[in-house]
Structure formats: structure tokens, C-alpha cells
Amino acid sequence: MHKKNPKNLCLYCFSELDFRRVCKNCSKEDDKTPSPPHHLPKRTILNKKYVIARSIGEGGFGITYLAYDLLFERPVAVKEYYPSGYVSRAPRTNDIILNLRENAPQFNRGLRRFIDEAKNLSSINKLDGIVSVLDFFPSNSTAYLVMEYLDGISLKRYIQKKGKLNTDTALTILHPVISSLGAVHEVGLIHRDISPDNILITRNSEVKLIDFGASKNASEDKSVSIVLKQGFAPEEQYRTHGVQGPWSDIYALAVTIYFCITGQLPPESIQRLYEDTLTPPSKLGADIKPKQEKALLKALAVLAKDRYKNMRDFEKDIYGYPSRTTPTEKKQTTPKTTKNKTTESAPKPVKNVEPTETVEYKLHTAKNEKTSVKLERLSGAKQSTEIGKRATPPPRKQLSADLVKNGNPNNVRTKKVQRNEIRKIEHIVKNEQNQDDIPAPEVKKQSLLSKLFSKNKNDDE
């Protein structure tokens, strides 16, 4: 396979330049404009395979670059930990230098948070609505996080161009994010910074949630740093001892939906504690169904105790999905009646459709759906699709035919086979999870960064 020369790489489309330094593909001349002094120079090679093209974003704690992966020949986004105001860059070596020795504690705290962001993203990789992490390594006395490159615009900019959206369009756009956040919360993480700025719509019509720099483990009981985005944060994020959990992300997501369909933000949560002046979206001209508005207003409740406790329940109500408790209740009441019928008279499998549909539907929603999400993250889309096919309930007409052909799936033998299959799936997931850690970074002698990495590695073990 022909390997591209980084010196002859077009920094616009990543094709090759000809002898005139003009791209053979896009016909643009070589980009010779200098980078800002605190940025990595163009064509810098990181970790022996990532060629820096240009900066595509900069915040208070990091710089994000568009780069090219020489190994897999694809564009990627490389995020560099660079706390502005605390550090500067050495011009010849590209190393990060502390401006003052007193800045070391703040630099180290931010670096640990950056490392935690990489770990959190790696634990939820391959979800449809979440940006995927590809690599993580130390270099230049700092750390780098490599993610998939998303070519598109933020949801905030999309609304600025299109204007406010109708409810169906907004919910269609946000569905991958809502569904993926349910899986994120199930592994114990909360995002804490959901807003239209951090939701990207790509040219391929994909919707992704980005920027997990403020994410944390929901099981942590100790006080947390105050990280919030005004207008989107719930009241508990304004307090260092506020109890945060999935309900915190639900509030921020509900504000995002409110903003999409009304074009304006609700009053800040901290102000609503004293006087709640929230206007329902229907009174602002939004075309929303009464049940959807009821679910949205519950998610926007000021106090956490009045909100949804998990994303799955909010998703069910806002999209009008059928209740998941109904199949379980049916399963508890039907076995006795069906058992009496089979003992008193000859079995009629064609008419006994409802219990079969109930059992299959329960397996789909309770066990295999959850496992399917994990397998998609750990073992690839192919296995996830196969498991999903086994878990999807067949139509009612097909159920009748299957009952005649294969007998009643409610019998003891069929249930035993289903339980064994679920155990096998859970065993696969458990084995894969043990292999889903970030590879250990290269250790450099007498390096503050290497000590932090080794400490985090020992914590994981």
C-alpha cells in the first residue's frame, strides 16, 4: 500500500501535491500561512502518525486540530490539553511550559480531568449519538486525545440559520443523542454540559454529542467543581454539594428541546427557585402535543425530585413509546390461565398469541436491548446486528405461523434456551469489557505527565 509523504500532503483535502505544490485533487496551492505562536505548527507529526493541518477550535483548556492519520489514511480531530493563561509553548520543541511555578497545581488538576475525559469516552465508544475516541497519548509535556473528525455544524448554528424547529423535527434530530445518553447513564457517567453548542450535525446527517470534558461518575458522593453553562444547567450544578445524576442531563436536554422549538431559553434554574416564571412552549407558538409538553415540563422541573430519574423514561414519554411495565404485568397473570387451559382441553397454539408476544417483547426491552448496545460498543456492529435480529419481536401474523410450526415459546424448554443464550451474551460482554481499557502510554523519565499517567493506571487496576 502506498504511504503518503507528510511533506507532500495537501492540508485541505489530504491528497498529494504535485511538483508545483498544487493539489492534484482540489487544485489548491500549498497552505503556507503560519500558525499562531501558541499553536502546533502545520505538518507537525504527533505519535509518529498524526499530521497536524490546522486549528478548528480553541477553548480555555484545550486546542482542537484537524489532522491526518497516516496509518489508517483518514482525517481525525486531535485535542491538545493547553490551559490558556497558565502555560506557553517552546518555539523549537513545541513543549508546554508553565508560566509560573505556582500554576503547577491548577495544571495538574486540569490534566487529570483531561485524562478522565479520555477514559470516559473510551468506556462508551461506538454509540451512534456520541463522538468516538480513537487514541490517547502523552507528548510535548502534555496530553492528546484523538477523536473521529465530524464535518458539520453545531445545532445552535443550525437553528440560527433555519430558525426555530417544529417539535417533530427537533425530536428526530435529537433522538440519537437521547438514546445514546440512556446508555451513557447506565454505565454510570453524566455529561454535565449538554447544549446546542455541543451537539453536531454532520454532512452525513449524523447527530453527535461532543465535549465530555465536564463529565463525571454519577456514583461519586464527594463535592464536585462547579461546571455549568448558563441557561442550560439545573440548580444542583450551581452548588458544590448538589446531588447530580442522570436527572441533571435530562434537565439540560429538555432546555435544548425547549430552545429548538421556541427559539428562546427558559429562565435560569437558579432564578426559578424563588419564582418559577417558565412559560409552556405551546403558549409561545410551538406545535407540540399535550403529552409531549407534559413530559417536557416534567423534565424542566426546578427541583431534581420532580424530574425524571432516568433517560429511558423521558424518552418513552416524549416520543410516545408504549409503557414497558405492561408486558411484565401480563406475563405474571397469564401463565396460570394458559396452564389450566392446556390441562382441561387440547392446546390451540394459533389462538394463544398474546402471551408469546409478551415474552418476546419483554426479552427485547429488558435484556437483549441493553446487551445489544454494549455489544455494538465492544464487539462491532456485525455482532450487535445479529443479536438485535434475535431480540426483535416478530409481527402478529408471523407469530401465529411460528406457533403452528415450532410450538408455544412459553414452554419450559424454550425459556431455558433463551436464558442460556442471554448468559452467553452476558459472558461475551464481560470478557470484552476487561479488554476495553486505554493502552498504557509511553513513560518518560522524570516527567510530571508520566507520574500522572502511571497513577491513573494504578487506580484503574
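**Entry 1: aromatic pairs**

I started with the rings and found that the structure holds seven aromatic pairs. For a pair, the ring centres of Phe, Tyr or Trp (its six-membered ring) must lie within 6.5 Å; planes under 30 degrees apart count as stacked, over 60 as edge-to-face and the rest as tilted. I looked up Y81 and F114: their centres are 5.8 Å apart and their planes stand at 40 degrees, so I noted a tilted pair. Y81 sits in strand 4 (residues 74-81) and F114 in helix 1 (residues 104-123), so this pair ties together parts that are 33 residues apart in sequence.

Before going on, I noted the ground rules. This is a predicted model, where local features need pLDDT of at least 70 and side-chain atom pairs count only at pLDDT 80 or more, while totals for chains, interfaces and linings use all residues. Residues are numbered from 1 along each chain as its sequence is written, and side-chain values use heavy atoms, with hydrogens and water left out. Helices (H or I, at least four residues) and strands (E, at least two) are DSSP runs, numbered from the N terminus.

Back to the rings: are Y81 and F114 buried or exposed? Both are buried, meaning under 20% relative accessible area, with exposed being over 50% and partly exposed in between (1.4 Å probe, protein chains only). Next I checked F114 with F136, and that pair is tilted too, because the centres are 6.2 Å apart and the planes at 40 degrees. F136 belongs to strand 7, so its pairing with F114 in helix 1 links parts 22 residues apart in sequence. I also wrote down that Y81, F107, F114 and F136 form one aromatic cluster.

**Entry 2: strand 7**

F136 led me to strand 7 (residues 133-139), where six of the seven residues are buried. I saw that strand 7 pairs with strand 8 (residues 142-148) in the antiparallel sense over six bridges; pairing asks for at least two DSSP bridges. Within this pairing, D135 stands opposite V146. The two strands form a hairpin with two residues between them, and N140 in the turn has a positive phi of about 55 degrees.

**Entry 3: helix 7**

Last, I visited E315, which is found in helix 7. Its relative accessibility is 6%, so I count E315 as buried. Which residues does E315 touch? Leaving out residues up to four places away in sequence, I listed H175, I178, S179 and Y321, where contact means heavy atoms within 4.5 Å.
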